[in-house]
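Me: I would like a close look at a single part of this chain, namely the way its strands pair into a sheet. Please take me through it slowly, and explain each term as it comes up.

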Amino acid sequence: MPRLVVNRGVDSIQIAPGSPELRVLQVTDLHLASFGLIDRFCLRAVRDLATKWGAHLVACTGDLFGLRTVDAMERSARLFDGIVGKVAPWTFSWGNHDQELRRPGPDPAGQLDAVEAYLARLPGCLYVQGRRYMEAYRGPPVTDDPWERDAAAPEHWDGFHGGNYLVEVMNEKGTKVAWNVFILNSRRAYHLPTKVLNWMADRAGSDRRVPCICFYHVPNHEYHVIWERGLARGIKREGVCFERDRGRVHQALKAMGNIKACFVGHDHVNDYHGVLDGIDYVYGRKTCLGGYGSYKKVPKQLEAGGKAIRVGGKLITLSLGGDDPSANRFSHVTVFADGTTWQP
Ligand SMILES: [Fe+2]
């Protein structure tokens, strides 16, 4: 595995690929079984996809863990790191299921803290533990913010502020930041916390010439909007599960001014994208056979145009250019294990 990391901060990791472009393979919704043999089969497929497409980095956008005890999550993360992490470093965006603890104790956030700490210690995982940092960030205390108060209510248990950090990608010479890559926790129903949006605005705003992309699990409302308005191209075989979001996240991202694209998962059988207010909202391609909707599992449904899709990944290429980061560009394409591609 190439050594990319040059710096670590309280909320960020800086990487220097030393190449004119960075290829990121997004994999999503693996829904590991938590049985060694089946999970090894899936993770070897991810490893082979990363190798075939020459990925410098693998971005896992959540719903990874099959069994959500702290021990089982750590085992799965270790397996991911031992197989995929051997060929490329990886990031992890929490999915909604990943946060549904099987045996929540009196301090469920503390249990997820333990998983965060474990991820941060894995040699191949680019991860920053940060719940307390985000909870202390600028913004109204959770108890004064009706949105967050509701999210954190025991009946919702959607208040986890961990899983949000920034990967700064240096230009080819390693002299300047070429891209900001935000790894975010969209939780289940309440999407990004207010304080996390404030933190993003500060980080993205520190140099607006630096373009930004985001990886998170649950689509925001605009994934629905772009399809309804005819702005999107690609495959849509199920409704967009934007949960409670109705534009709050988009308004914040738009105001930052330099968010170029977002990449999500969650809805397994959708793979489309469209641009709204300068932001390219992109679905990833479901990876591996776990959960519903994989092609190999239900070919009859696919033939009928139903709830199934051929599994693969999304390859995102970022140009790392020279001295002016605002000149950097990106592209994305769906990729498969047999070497073929599909462009939405
Ligand atoms: Fe999900």
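Reply: A good place to begin is strand 2, residues 12-15, which pairs in the parallel sense with strand 6, residues 165-170, over 4 bridges. Pairing here requires that DSSP finds at least two bridges between two strands, and the numbered elements are DSSP runs counted from the N terminus (helices are H or I of at least four residues, strands E of at least two). The model is predicted, with local features needing a pLDDT of at least 70, side-chain atom pairs counting only at 80 or more, and totals for chains, interfaces and linings using all residues. Residues are numbered from 1 along each chain as its sequence is written.

If you look along this parallel pair, you will find Ser 12 standing opposite Leu 166 in strand 6. Helix 6, made up of residues 194-205, packs on the sheet, where it touches strand 6, strand 7 (177-183), strand 8 (212-215) and strand 10 (259-264); touching refers to residues in contact, with C-beta atoms, placed from the backbone, within 7 Å. The direction of helix 6 makes an angle of about 170° with that of strand 7 (axes are lines fitted to C-alpha atoms, for helices over the stretch in contact, and angles between N-to-C directions run from 0 to 180 degrees).

Stepping back to the whole arrangement, the sheet is open and has 9 strands, whose order is 1-2-6-7-8-10-12-11-9, and the pairing in it is mixed. Its edges are strand 1, residues 5-8, and strand 9, each of which pairs on one side only. From one strand to the next, the twist averages 15°.

Now follow the sheet to the end of that order where strand 9 lies, since strand 9 is one of the edge strands. Strand 9, residues 232-236, is joined to strand 11, residues 270-276, by 5 bridges, and the two pair in the antiparallel sense. Within this pair, Ala 232 has Gly 274 in strand 11 as its bridge partner. Strand 11 also pairs with strand 12, residues 279-283, and these two run antiparallel with 4 bridges joining them; here Val 275 stands opposite Asp 280 in strand 12. Together, strand 11 and strand 12 form a hairpin that leaves 2 residues between them, and Asp 277, which sits in the turn, has a positive phi of about 50°.

That last value deserves a pause, because most residues other than glycine have a negative phi. Two further residues, found in loops beside these strands, can be read in the light of the same angle. His 266, which belongs to the loop between strand 10 and strand 11, has a positive phi of about 80° although it is not a glycine. Because His 266 has 27 C-beta neighbours inside 10 Å, it counts as buried (buried means 20 or more other C-beta atoms within 10 Å of its own, exposed 12 or fewer, partly exposed in between, with C-beta atoms placed from the backbone).

The other residue is Cys 288, whose place is in the loop between strand 12 and helix 9 (299-303). Cys 288, too, is a residue other than glycine with a positive phi, in this case near 65°. It has 25 C-beta neighbours inside 10 Å, and therefore Cys 288 counts as buried.

Methods. Contact = placed C-beta atoms within 7 Å.
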